[in-house]
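Biologist: Before we turn to details, I should like to go through this model with you, one topic at a time. Please show it first.

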Amino acid sequence: MSVIEEERVRGGVFKDINAEDEDQQPTVIESLCMNCYENGSTRLLLTKIPFFKEIIISSFTCPHCNWTNTEIQSAGRIQEQGVLYTLQVKTKEDMNREVVKSDSASTRIPQLDFEIPAFTQNGSLSTIEGLLDRAVAGLEQDQPIRKVCCSTLTAQNATPQPIQT
């Protein structure tokens, strides 16, 4: 499909974000909850962020166990060259800045020697604080099991092994 034809097809499906457009409603699909395996609902919205790209915003909610999940996925091509955005956090209010982070983006905080590598988090619409909270939650996930595994491996490696000849 040529670029012109692709733009024509996408132009009808993906619409610019516009708060005043009452026709721009999400599509609601009944779907399985991966937490309790009952039926919940997924809301999908295909849209374009001006000067950015086409995205799919999805939100799942389960009325049975109250589990929720939100995601932003890229629906366009990944650019050949990336873009660098820099933010100086000087006040608590700066942590409330909203950001759209794609799954292929990395986040770096040089002052903390901390990095969230690309493809380790799903795309999201969040705040700076929210990105950090997700990273902390990911690092804490299964931490007690990792501690047990690492201490067991350390103990095994500390035990002298007989030399076979």
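Biologist: How many aromatic pairs does a search of the whole structure find?

Modeller: This is a predicted model, in which local features need pLDDT of at least 70 and side-chain atom pairs count only at pLDDT 80 or more, while totals for chains, interfaces and linings use all residues. Residues are numbered from 1 along each chain as its sequence is written, and side-chain values use heavy atoms, with hydrogens and water left out. Rings of Phe, Tyr and Trp (its six-membered ring) pair if their centres lie within 6.5 Å; planes under 30 degrees apart count as stacked, over 60 as edge-to-face and the rest as tilted. Applied to the whole structure, the search gives a number of aromatic pairs equal to one.

Biologist: What is the angle between the planes of Phe60 and Trp67 in this aromatic pair?

Modeller: The two ring centres of Phe60 and Trp67 lie 5.8 Å apart. The pair is classed as tilted, the angle between its planes being 55 degrees.

Biologist: Phe60: buried or exposed?

Modeller: Buried means under 20% relative accessible area, exposed over 50%, and partly exposed in between (1.4 Å probe, protein chains only). Its partner Trp67 has 33% relative accessibility and therefore counts as partly exposed. Phe60 has a relative accessibility of 8%, so the class of Phe60 is buried.

Biologist: How many disulfides does the structure hold?

Modeller: A disulfide is a pair of cysteine sulfur atoms within 2.5 Å. For Cys36, the closest cysteine sulfur belongs to Cys62 at 3.6 Å, which is too far for a bond. Cys62 in turn has its closest cysteine sulfur in Cys36. The number of disulfides is accordingly zero.

Biologist: Cys62: buried or exposed?

Modeller: Cys36 has a relative accessible area of 26% and so is partly exposed. With a relative accessible area of 3%, Cys62 is classed as buried.

Biologist: What is the distance in space between Cys62 and Asn39, C-alpha to C-alpha?

Modeller: Cys62 sits in the loop between β4 and β5. In sequence, 20 residues separate Cys62 from Thr42, and their C-alpha atoms are 8.9 Å apart. For Asn39, 23 residues from Cys62 in sequence, the C-alpha distance is 6.9 Å.

Biologist: In β3, which residue is the bridge partner of Ile29?

Modeller: Helices (H or I, at least four residues) and strands (E, at least two) are DSSP runs, numbered from the N terminus, and two strands pair if DSSP finds at least two bridges between them. Six bridges join β2 (residues 27–32) to β3 (residues 39–48) in the antiparallel sense. Glu30 has Ser41 as its bridge partner in β3. Ile29 is bridged to a residue that counts as buried at 16% relative accessibility, namely Thr42.

Biologist: Which residue in the turn of the β2 and β3 hairpin has a positive phi?

Modeller: The hairpin of β2 and β3 has six residues between its strands. A positive phi of about 65 degrees belongs to the turn residue Tyr37.

Biologist: In β4, which residue is the bridge partner of Lys48?

Modeller: β3 also runs antiparallel to β4 (residues 54–61), through eight bridges. Lys48 has as its bridge partner in β4 the residue Glu54.

Biologist: What is the volume of the largest cavity?

Modeller: On a 1 Å grid over the protein atoms alone, a cavity is a set of points where a 1.4 Å probe fits but cannot get out, and lining residues have an atom within 4 Å of a point. Grid points are joined across faces, edges and corners, and a volume is the space filled by probe spheres set on the points. One cavity of 30 Å³ or more is counted. The largest cavity has a volume of about 40 Å³.

Biologist: Which element gives the largest share of the lining of the largest cavity?

Modeller: Eleven residues line the largest cavity, those closest to its centre being Ile55, Ile72, Gln73, Ser74 and Ser102. Two or more lining residues come from each of β5 (68–74) and β6 (98–101). The largest share, three residues, is given by β5.

Notes. On a 1 Å grid over the protein atoms alone, a cavity is a set of points where a 1.4 Å probe fits but cannot get out, and a pocket is an open set with protein on both sides within 12 Å along at least five of seven lines; lining residues have an atom within 4 Å of a point.
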